[in-house]
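Reader: I am new to this structure and would like a close look at one part of it. Please start from a single residue and then set it in its surroundings.

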Amino acid sequence: MSNPFRSFIRASAFWRKEIFELLRQPQMILTLVLGPFLILFLFGVAYRSQAPVFKTLFVAPPNSALAQHIEEYTSGMKGEFTFEGVTSDEQAAMERLRSGSVDLIIVVPQNALKEISANKQASFTIYSNQTDPIQANWTKYYGYVLVNEINRRVLQSVVQQGQTNFAQLQDRVKAARANIATIRSALEKGDTATANAQAAELSTNVDLVSVAAGATLDVLSGVQQTTGSPESSQAADAGSALAAVRQDAAAMGSSSGGGSAAATRLQNLTKMDQELAKLETNLGAVQKVDSAVLVNPFTDQVKNVLPITITPVDFFAPAVLALLLQHLAVTFAALSIVQERTEGTLELFRVSPLAASEALLGKYVSYLVFGGIIAALLSALLVYVLHVPMLGNWISFTVVIALLLFASLSIGFVISLVSRNDSQAVQYTMLVLLTSVFFGGFVLALSMIWGPARVISYLLPATYATILLRDVMLQGLAPSPLLIDGLVVIGVVLCLAAWLMLRRIIARSQ
Amino acid sequence: MEDQDNIIVTKDLSKSFDDQFAVQGLNLEVPRNVIFGFIGPSGSGKTTTIRMLTGVYKPTNGQVKVLGSDPKRFSQKTRARIGYMPQLFVLYPHLTIWENMNFAASLYGMGLRRSDRLRQALDFVELTEHRDKLTNEISGGMQRRLSLAATLVHDPELIFLDEPTAGVDPVLRSKFWDRFRELRSSGRTLFVTTQYVGEAVYCDLIAVLQEGRLLTVDTPKGLRQRAFGGDLLNLKTVEPLDYNHEQLIGELPFVRKVTRQGPTRLRLVVGEGKTDIPALLAWATGQGLHVENLDEFVPPFDEVFVELVKPEAENV
């Protein structure tokens, strides 16, 4: 019999042995397949994609105007706060926070108006009792949202007041235009005194229009500046018309005399009248804009270009599959050789003609087959029972799974060869699992990990597989060659390392 | 160290662990086609020696040739000529007897048409009818038999058996030795370690090991003679034997030692039992003694071993 054929037979010893040993433990296989599936299923049922809601108690002076409006203000924020009332007793409120009966205490500024008048921002103090840094970040965010809401309401109130004055504004514009008509008539009659008196009245009316329209027009002007919009708007037109009228009215008030001066004033009057007419039209349009729109001129509409809606279960399923298969392969391989060592079979291998490469090949094949079967069962459950999308093709998916198993087995074999006993191998395996949970993109997105530390992420097969499986399953993309290469490199390098170590153990005498 | 007649040759073979010698200055020559017993108490270095002979351990000093090769450089072909049964059961508990046999056969690269050979090996240890039982469900004795079958499955030329009968009941132990003799008869060489001194009687050659040192290598008969200074005879007369009789019998040229066993009984050490018995009978008749019984006494090997290690122990 030829040597290659004998090598094949020696390697095959392990295929049969490993597969038979695993199949003799149906409970374990059931746990391996159904366990993760049930966890994902329960996660899908239980997960609520909602931000936390904090029970919030406000602390404010007894007669604070703000305190009277707090409940109304927070009523628009029901997703974030549950209103637990307003109290003036800060100490009692803090006790409630410590006892856990409320989640947040928000202390309203004592003398808001006084501080703002003194050119200072009045501050809301927010107390929480959070150990969870993520919840603490939510607290900060909600504080920001609350203050924004209050600021918005204050601004809206100002704008509303401005718009209420618009009715009077129209009358003032009309009065100014009447002044122009009277001045024109007086100048045509040569009645300079009347013209001058009306000019003064015109100037006053134009100033009043300017003050009344100012707040609203300034907001609209701010919007235009913020957006950098080049096109003219009604507010901008009204603003510029108003500025021109004020300038002309001031000039009108200061000029006097007859002859050519009177002719010039008549020309100015015509221009002013046209500008006021234009202003009247534009102000009318601005007045119709809702104050809520004026203070909150922008909103957003987020649209995902993906062809499907991805649920949290869909998103986590590829990562769970990658993590589980990695853990399974690492654990099986890690225990595999160390058990041969502790149970004494390695001694038989040393005396027999078995080569390290044959033993390793046999073990790789058996665990790849077994891991492949588990992967197939789990994938079928995910796709056909949990309806996790599978937009890509199954060949790409199979390639990724095979490479993930290969790289993970290589890690496991190296662990097995450096471990002295089962428990040490299990400890190393758990370290790989923990590292994968935190650095493999399972819990935290890779972008949230500090750049240099991401090297750790890219030493783990689960990182590559998570990205690749999400690409294939959720986006229907072809696997990135760079990431595929990453898995191949990890697998091949560690496979070589395992082979060298096992060869030393089997071939060399102690 | 080329030796066509000897399948194993060692010269000054030593192995130490952390400066503590497990085996020291071992010189052995194991001829082909024998049962070579390697006897010594627990911790005397038997397993260490087997491991050096099979290439599992590298000797600290000395030379060793097994099947003409240094075990450190055994080729795959040479390894395929060796069978090794470790001291402990090391096969797989979740596999059946048949599956374990298949695994062992595959390790030695046996072709796919090996069922007959597997069956023969199981027949040899009387396990065929249990072939489908899981190994963790069979008795310790059956596990030892399975180990032996797995060791023999590839029909090795040289078989190392490390305490094959340890923990095995006397009936099975006897069967094991029957099998070993069958193997020897079919041309195999067996290197068997045991701490049951009594099993030395089944061997063709016996090496006695004490605290890592080789005390002696001899045949069972040779060992007895070496231990007691010759063959042992029990003499029982009708008449009481007095001091004079004891003195006179001790003065016979072929009698080396006389020990009183009772008023009418003496134990004699002679050069060669079978040839010296007629001379003794003649002497008794001449003395007017009626001999009730005179035969060769074969002492148990436990006693032989104690006698052999006594001088060593006294030196220590």
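In which helix of chain B is the place of S147(B)? Please go on from there to the rest of the model.

Author: This is a predicted model, and what follows describes that model. S147(B) sits in helix α5 of chain B, the helix that covers residues 140-152. The relative accessible area of S147(B) is 6%. Because the cut-off for buried is under 20%, S147(B) counts as buried. Apart from neighbours within four places in sequence, S147(B) is in contact with M85(B), F89(B) and L91(B).

M85(B) leads on to another residue of chain B. F160(B) also touches M85(B), when residues up to four places away in sequence are not counted. On that count, F160(B) further touches I8(B), I50(B), L53(B), T54(B), V66(B), I82(B), G83(B), Y84(B) and F191(B). M85(B) is thus listed as a contact of S147(B) and as one of F160(B).

F160(B) belongs to the largest nonpolar core, which has 150 residues. The members that touch the most other members are F349(A), V66(B), F160(B), F180(B) and F191(B). That list names residues of chain A and of chain B. Two of the names, V66(B) and F191(B), are also touched by F160(B). A second core, separate from this one, has 20 residues and includes A186(A), L202(A), V206(A) and M272(A). In soluble globular proteins, nonpolar side chains tend to be buried together.

Another buried residue of chain B is L280(B), with 3% relative accessibility. L280(B) lies in helix α9, residues 273-286. Leaving out neighbours within four places in sequence, L280(B) is in contact with L233(B), I249(B), L252(B), F254(B), V255(B), L268(B) and L294(B). One of these contacts can be given as a distance: from C-alpha to C-alpha, L280(B) and L252(B) are 8.8 Å apart, with their positions 28 residues apart in sequence as the separation.

An exposed residue of chain B is D19(B), with a relative accessible area of 74%. D19(B) is in the loop between β1 (6-17) and β2 (20-31). Its phi is positive, at about 65 degrees, although D19(B) is not a glycine. Most residues other than glycine have a negative phi.

Now to chain B as a whole. Its secondary structure comes to 10 helices and 13 strands. Along the principal axes, the C-alpha atoms of chain B fill a box of roughly 75 × 45 × 35 Å. Chain B has 316 residues, and 54% of them count as buried. Among contacts in chain B with a separation of 6 or more, 67% are between residues 24 or more positions apart. The exposed area of chain B is about 14100 Å², with 47% of it supplied by carbon and sulfur atoms. Chain B has 38 positive and 41 negative charges, and the mean positions of the two are 7 Å apart.

Chain A can be described in a similar order. It has 19 helices and 4 strands. Its radius of gyration is 39 Å, well over the 24 Å that the globule rule gives for 510 residues, so chain A is more spread out than a compact globule. The C-alpha trace of chain A spans about 130 × 60 × 40 Å along its principal axes. Of its 510 residues, 44% count as buried. Residues 24 or more positions apart make up 79% of the contacts in chain A that have a separation of 6 or more. Chain A exposes about 25900 Å², and carbon and sulfur atoms supply 59% of that. There are 35 positive and 35 negative side chains in chain A, and the centres of the two sets are 10 Å apart.

Two loop residues of chain A complete the picture. S64(A) is found in the loop between β1 (54-59) and α3 (65-75). With a relative accessible area of 11%, S64(A) is buried. The C-alpha atoms of S64(A) and V108(A) are 8.8 Å apart in space, while the two residues are 44 residues apart in sequence. N119(A) is in the loop between α5 (112-117) and β4 (125-128). At 72% relative accessibility, N119(A) counts as exposed. N119(A) is not a glycine, and its phi is positive, near 65 degrees.

Terms used
Residues numbered from 1 in each chain as written. Chains lettered and ligands numbered in written order. Predicted model: local features only at pLDDT ≥ 70, side-chain atom pairs only at ≥ 80, totals over all residues. Heavy atoms only, no water. Rg over C-alpha atoms; globule rule 2.2 N^0.38 Å. Buried < 20%, exposed > 50% of the residue type's maximum accessible area, 1.4 Å probe, protein only. Contact = heavy atoms within 4.5 Å. Areas by Shrake-Rupley, 256 points an atom, 1.4 Å probe, with all protein chains shown as cover. Lys, Arg positive; Asp, Glu negative; His and termini not counted. Charge placed at Lys NZ, Arg CZ, Asp CG, Glu CD. Core = buried A, V, L, I, M, F, W, Y, C linked by side-chain atoms within 4.5 Å.
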